[in-house]
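Welcome! Here is a short note to read alongside the structure, with the pockets and the ligand taken in turn.

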Amino acid sequence: MIRLNKYMADCGVDSRRNCDKIITENRVRVNRKLINELGFMINEDNDTVTVDGKKITPKNKNVYLMLHKPKGYVTTVKDDKDRKTVMELIDIKSRVYPVGRLDYDTEGLLLLTNDGDMTYKLTHPKYEVTKKYIARIEGEISESELTTLRNGVIIDGKKTAPAKAKLLEKTDKECRVELTIHEGKNHQVKKMFETIGKTVVFLKRTEMGDIRLGGLARGQWRYLNDKEIDYLKSIK
Ligand code: URA
């Protein structure tokens with residue numbers, strides 16, 4: 001539910017204050033009923049609002065959300081192999097698209113938006129937005145191997161940019177490593193570990209820039225809050 005004057009402003013009718021004036025001038029109808037009450041609330045998904053008899057619709061409002069992607073989903077809108085897509089987990093009317101890719105078997109933070117400029121900023125390496133991953137790898141990893149990852153390794157014929165790599169935990173069979181990169185080459189994390197002879201058995205993205213997955217449950221999504229959106233808009 002939102003206030004009628006805000007909805008009208010979102011539709012580009014005028015400022016909220018001027019919309020109030022328009023409302024008191026008996027020029028606004030909600031579902032054909034004349035409304036001249038300030039503070040009237042509408043359901044923006046179902047109600048039809050007219051001003052001077054013309055239906056108004058929101059200007060392409062930008063929508064930003066995060067999903068905790070589970071493994072077993074592709075991050076495309078449609079899959080040619082008929083696998084499940086992340087879109088099946090998001091039940092909203094607006095058309096949003098995944099920002100970048102996560103592999104079928106990778107889980108964690110996936111942003112979705114209808115803001116194409118924002119998608120460009122978040123995925124183009126020149127903006128250097130960091131992406132933090134937690135990788136579980138088979139066997140051990142030495143400090144010098146971590147340094148190799150930090151300094152950059154050659155994947156697909158090109159050296160990766162400096163990264164941060166930190167050993168989080170070591171068990172008999174596996175290690176948990178936090179890797180922070182700011183590029184987004186295809187399968188970059190798995191390939192980086194491959195160059196030092198390690199196999200990634202589990203991969204999760206936990207952060208993109210200042211946006212953190214936090215405690216969002218696997219398979220759940222939420223809208224970004226104002227602070228997170230302000231951060232995204234500040235990326236230059
Ligand atoms: N790097 C990978 O190898 N896979 C992902 O899904 C993301 C980054």
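1. A good place to start is the largest pocket, which holds about 920 Å³ of space. Here a pocket is an open set of points on a 1 Å grid over the protein atoms alone, where a 1.4 Å probe fits and protein lies on both sides within 12 Å along at least five of seven lines; lining residues have an atom within 4 Å of a point. A volume is the space filled by probe spheres set on the points, which are joined across faces, edges and corners.

2. Before going on, please note that this is a predicted model, in which local features need pLDDT of at least 70 and side-chain atom pairs count only at pLDDT 80 or more, while totals for chains, interfaces and linings use all residues. Residues are numbered from 1 along each chain as its sequence is written, and side-chain values use heavy atoms, with hydrogens and water left out.

3. Which residues are closest to the centre of the largest pocket? They are Glu44, Asp45, Lys61, Val63 and Ser94, out of 27 that line the pocket. By class, this lining has eleven nonpolar, seven polar and nine charged residues. In that count Ala, Val, Leu, Ile, Met, Phe, Trp, Tyr, Cys and Pro are nonpolar, Asp, Glu, Lys and Arg are charged, and the others, Gly among them, are polar.

4. The second largest pocket has a volume of about 340 Å³. Its lining comprises 22 residues, with Arg101, Tyr133, Gly184, Lys185 and Arg205 nearest the centre. Eight of the lining residues are nonpolar, seven polar and seven charged.

5. Where is the ligand? The space that the ligand takes is the second largest pocket, meaning that more than half of the ligand's atoms lie within 2 Å of the pocket's grid points. Around the ligand are Leu102, Asp103, Thr106, Tyr133, His187, Gln188, Val189, Lys190 and Leu203, each with a heavy atom within 4 Å of it.

6. Now for the polar contacts (pairs of N or O atoms within 3.5 Å). A polar backbone atom of histidine 187 is 3.2 Å from an oxygen atom of the ligand. For valine 189, a polar backbone atom is 3.1 Å from a ligand nitrogen atom. Lysine 190 has a backbone N or O atom 3.0 Å from an oxygen atom of the ligand. The ligand taken alone exposes 240 Å², and the protein buries 95% of that (Shrake-Rupley method, 1.4 Å probe).

Methods:
A polar contact is a pair of N or O atoms within 3.5 Å; within protein, one must be able to donate a hydrogen and the other to accept it, and residues adjacent in sequence count only if both atoms are side-chain atoms.
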